[in-house]
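Trainee: I've got this model open on my screen. Can you walk me through it?
Mentor: Sure, let's have a look together.

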Amino acid sequence: MASVVARLVSQSKPYLVPGKLLVKELWFEVPLDHSKPKGQTIKLFARSAIKYEKPIVEPSTVLQRPFLLFLQGGPGFGTPAPQDSPLSKYMLDRGYELLLLDQRGTGFSSPISAHTLARVGSPQEQADHLKLFRADTLVKDSEAVRLCLTDEYPPEKKKWTTFGQSFGGLMTMTYLSFAPEGLRECFITGGLAALDKGPEQVYETTYQRVIERNLAYYNKFPQDVKAIKDIAEKIQELGGKGGVLLPAGGFLTVKRLMTLGLHLGMDGGLDTVHNYVIRMQADLDNFGVFSRATLNALEQDGSWDSAPIYTLLHEPCWCFGPGVAGKWAAERVGQRIPEFQWLRNDWPGPASLGDQPLFFSGEMIFPFHFETCSGLVEMKETAHVLANYDEWPSLYNIEQLGKNEVPVYAASYNDMYVDAGMARATASRIKDIKVFETNVLFHSALRAKPDEVFRELLALRDDTIN
């Protein structure tokens with residue numbers, strides 16, 4: 001990988017936050033297009049954190065700790081503050097300096113929105129701009145930042161450790177493929193995605209996991225079979241084909257209601273969905289309509305409006321190389337599955353299901369997101385351009401992964417988002433990887449059950465296997 005070095009624009013004076021964390025804020029500048037290092041630039045934001053212990057005598061030199069880079073899931077979401085990251089609790093005592101870098105287009109790193117994209121130009125120009133926001137470019141950004149931060153470090157400390165959650169795991173495999181020289185070791189949680197399966201093949205598998213989680217939901221809450229269909233019929237009655245107007249300008253349709261299934265693969269996700277059902281039923285029982293508070297909660301759920309990269313570049317995450325296009329694969333695959341006939345434009349409605357339940361979707365993006373989410377409507381044409389693009393650069397080098405020498409420690413779960421079978425196949429193609437696999441943790445285990453995750457990952461790192 002070409003060695004573009006980020007420019008450190010500024011860094012704050014270190015400050016303390018509860019938990020004995022010493023935090024710095026850093027701003028970097030990198031090329032928008034790494035193939036044009038002297039062209040337009042883009043700014044990236046990061047926070048670093050170390051464990052602070054008040055010394056008896058102030059040291060005369062600054063200790064250079066090896067860096068641990070967190071690779072955020074998504075794509076499209078900024079990193080948490082250090083005090084909100086489980087890595088601060090479990091990894092800093094080991095001597096790392098944690099770096100929480102907002103990926104370009106997210107958090108504070110030149111965030112993407114309908115407003116900022118409009119300044120780029122036409123839908124085609126916007127799509128061309130967004131092509132520079134996939135994992136291949138994010139890895140180049142990361143390497144540029146590493147080279148900047150470790151410029152004066154001794155050789156043994158120039159490499160860094162990465163910790164990738166979900167999409168961050170996909171990024172890790174891209175990093176291992178094209179810039180392994182920058183890596184000391186890698187941790188992956190819930191991110192061993194398929195290396196050479198396109199969007200259609202991925203969704204053919206993950207829809208089956210979504211069906212399993214729907215069955216678990218209705219087994220736990222059998223009363224919701226009727227309740228959800230009643231709610232769906234009320235949405236159609238109140239809003240017609242266009243849906244019920246939401247407070248920020250979006251629309252609640254039956255299709256959008258079904259996207260609440262995104263929660264079903266998370267810890268507590270069944271209860272999260274059920275709570276929405278109770279709330280909507282209560283509104284209808286009391287008022288015959290949905291309250292503003294309920295509609296606002298539904299509109300904010302999923303962060304569709306505030307994290308547009310998640311919708312715009314989700315299917316392109318599975319476009320592993322040239323010749324692969326998304327072409328709204330999630331919709332096309334779902335329309336062929338009996339449980340998801342509500343995706344068809346000729347679906348007659350909830351009454352046609354008889355005693356059968358309405359099945360929620362999972363981590364899938366559909367064209368209707370760009371019709372029902374107010375923050376996405378203006379990006380509809382851009383989304384269609386991206387969906388039909390098939391000249392994506394390669395995300396992985398399978399040959400390089402097969403001879404990998406960077407230690408990799410991974411956790412693979414009972415996962416609705418990254419299929420365990422596909423994860424197993426991917427692990428078999430990466431040399432020097434150790435995997436903890438379990439069917440009793442879910443995709444959100446890093447947040448929900450960090451004690452268990454870090455215990456197993458660090459055992460893979462520190463212990464031996466006979």
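Trainee: Which elements each supply at least two residues of the lining of the largest pocket?
Mentor: Keep in mind that this is a predicted model. Four strands and a helix each give at least two residues to that lining: strand 1, strand 3, strand 4, strand 6 (97–101) and helix 4.

Trainee: And which strand gives the most to that lining?
Mentor: The pocket has a volume of about 870 Å³. Of its 28 lining residues, K24, I50, V62, L63 and R65 are the closest to the centre. With four residues, the top contributor is strand 3.

Trainee: How many bridges pair strand 3 with strand 4?
Mentor: Strand 3 covers residues 21–31 and also runs antiparallel to strand 1 (residues 7–11), joined by four bridges. Strand 4 takes in residues 41–51 and is antiparallel to strand 3 too. One partnership there is V30 with I42. The count for strand 3 and strand 4 is 11 bridges.

Trainee: Is helix 4 largely enclosed or open, and why?
Mentor: Helix 4 spans residues 135–149 and reaches 21 Å from first C-alpha to last, close to what's expected. Buried here means under 20% relative accessible area. Because 13 of its 15 residues are buried, helix 4 is largely enclosed by the rest of the structure.

Trainee: What about the second largest pocket: how many polar residues are in its lining?
Mentor: That one holds about 700 Å³ of space. Its 25 lining residues include Q72, G73, F77, M266 and R447 nearest the centre. By class, there are 10 nonpolar and four charged residues, and the polar count is 11.

Technical notes
Residues numbered from 1 in each chain as written. Predicted model: local features only at pLDDT ≥ 70, side-chain atom pairs only at ≥ 80, totals over all residues. Heavy atoms only, no water. Pairing = 2+ DSSP bridges. Expected span 1.5 Å × (residues − 1). Buried < 20%, exposed > 50% of the residue type's maximum accessible area, 1.4 Å probe, protein only. 1 Å grid on protein atoms, 1.4 Å probe; cavity = no way out; pocket = protein on both sides within 12 Å on 5 of 7 lines; lining within 4 Å. Points joined across faces, edges and corners; volume = space filled by probe spheres on them. Nonpolar A, V, L, I, M, F, W, Y, C, P; charged D, E, K, R; others polar.
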